[in-house]
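Hi,

Here's the structure I promised to pass on. Have a look at it first, and my notes follow underneath.

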Amino acid sequence: VSTQSTWDFVTLQEMSRGSSAGYDRHITIFSPEGRLYQVEYAIKAVKEGGLTVIGVKGADCVVVVSHKKVPDKLLDPTSVSHLFRITDNIGCVCSGLLADARSMATRARYEAANWKYQNGVDIPVEYLSKRMANLAQVFTQHAFMRALGVVSLFAGIDEEKGPQLYRTDPAGHFVGYKACAAGSKEQEANNILEKKVKSNPSMSFQQAIETAVIALQTTVGSDLKPSDLEIGVVTTSNPKFTILTEAEIDAHLTAISDRD
């Protein structure tokens with residue numbers, strides 16, 4: 001029996017088991033249950049990354065918060081970030097594989113620059129999110145590609161629609177949110193955010209920051225220091241995407257602890 005015939009027999013045997021064996025070899029193969037295992041693995045990679053990110057949309061602002069983890073004491077903490085400025089007015093926070101996140105951010109900047117070159121105006125947050133989701137979906141159609149192991153939250157102020165918060169994932173979904181989370185403990189964070197948004201659907205800037213920080217602290221299970229947080233904000237009064245300094249984060253943490 002030839003080696004190829006033996007290999008084909010083994011592969012057919014694995015596929016007949018009814019598990020993921022064999023069907024997760026290529027991203028383009030559906031299992032008998034109609035699942036694409038490689039896409040599911042990419043989403044699982046985000047949740048296994050150990051990082052939680054949160055986005056909250058207020059009445060006149062959008063706030064994105066990330067739990068900052070520096071994996072090695074020898075690293076320069078300023079070189080580790082999950083917040084990315086895509087354009088002057090659009091920012092995103094990513095959970096998952098940092099290398100994939102940087103690649104995604106670079107492509108998003110290219111798409112934004114190309115839109116402005118062709119149309120003469122800044123790209124809307126919704127269209128940028130849709131474009132990045134479309135690209136992520138294309139990665140699930142070709143065997144020579146790999147789905148990016150990253151979930152991104154895009155934040156910005158739309159000239160017509162106001163504050164916008166969108167979430168994209170490795171499968172190619174993109175959805176607008178009032179508040180959402182991504183990463184290792186996203187379900188716990190989403191449960192907290194759901195209650196907060198239900199009780200106060202139109203949050204002020206300060207309330208949005210407090211909601212995001214409290215949700216992250218509750219999810220992580222400990223009080224966070226300014227060096228443990230990254231916060232990016234956009235407001236209608238200042239639509240530029242701004243990353244807060246440690247001193248500004250400390251002021252917000254002090255306000256939260258004083259209120260408690």
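Disulfides first: a search of the whole structure, which is a predicted model, turns up zero of them. The cut-off for a sulfur pair is 2.5 Å. Cys 92 has its closest cysteine sulfur in Cys 94, but at 3.8 Å that is too far for a bond. For Cys 180 the closest cysteine sulfur is also in Cys 94, at 12 Å, so no bond there either. Both cysteines are tucked away: Cys 92 is buried at 0% relative accessibility, and Cys 180 is buried at 1%.

Next, the nonpolar cores. The largest has 27 residues, and the ones touching the most other members are Ile 54, Val 56, Val 63, Leu 229 and Ile 231. Elements giving it two or more residues are the strands β1, β2, β8 and β9 plus the helices α5, α6 and α7. The largest share, seven residues, is from α6. If you want a way in, try Val 63: beyond its sequence neighbours within four places, its contacts include Ile 54, Val 56, Phe 205, Ala 208 and Ile 231.

There is also a second, separate core of 18 residues, and Cys 92 turns up again in it, along with Ile 86, Ala 112 and Tyr 166 among others.

Last one: Ala 42 sits in helix α2, residues 37–47, and is buried at 8% relative accessibility. Leaving out neighbours within four places in sequence, Ala 42 is in contact with Ala 147, Leu 148, Gly 149 and Pro 170. Asp 24, 18 residues away in sequence, is 12 Å from Ala 42, C-alpha to C-alpha.

Cheers

Definitions and conventions:
Residues numbered from 1 in each chain as written. Predicted model: local features only at pLDDT ≥ 70, side-chain atom pairs only at ≥ 80, totals over all residues. Heavy atoms only, no water. Buried < 20%, exposed > 50% of the residue type's maximum accessible area, 1.4 Å probe, protein only. Helix = DSSP H or I, 4+ residues; strand = E, 2+ residues; numbered from the N terminus. Contact = heavy atoms within 4.5 Å. Core = buried A, V, L, I, M, F, W, Y, C linked by side-chain atoms within 4.5 Å.
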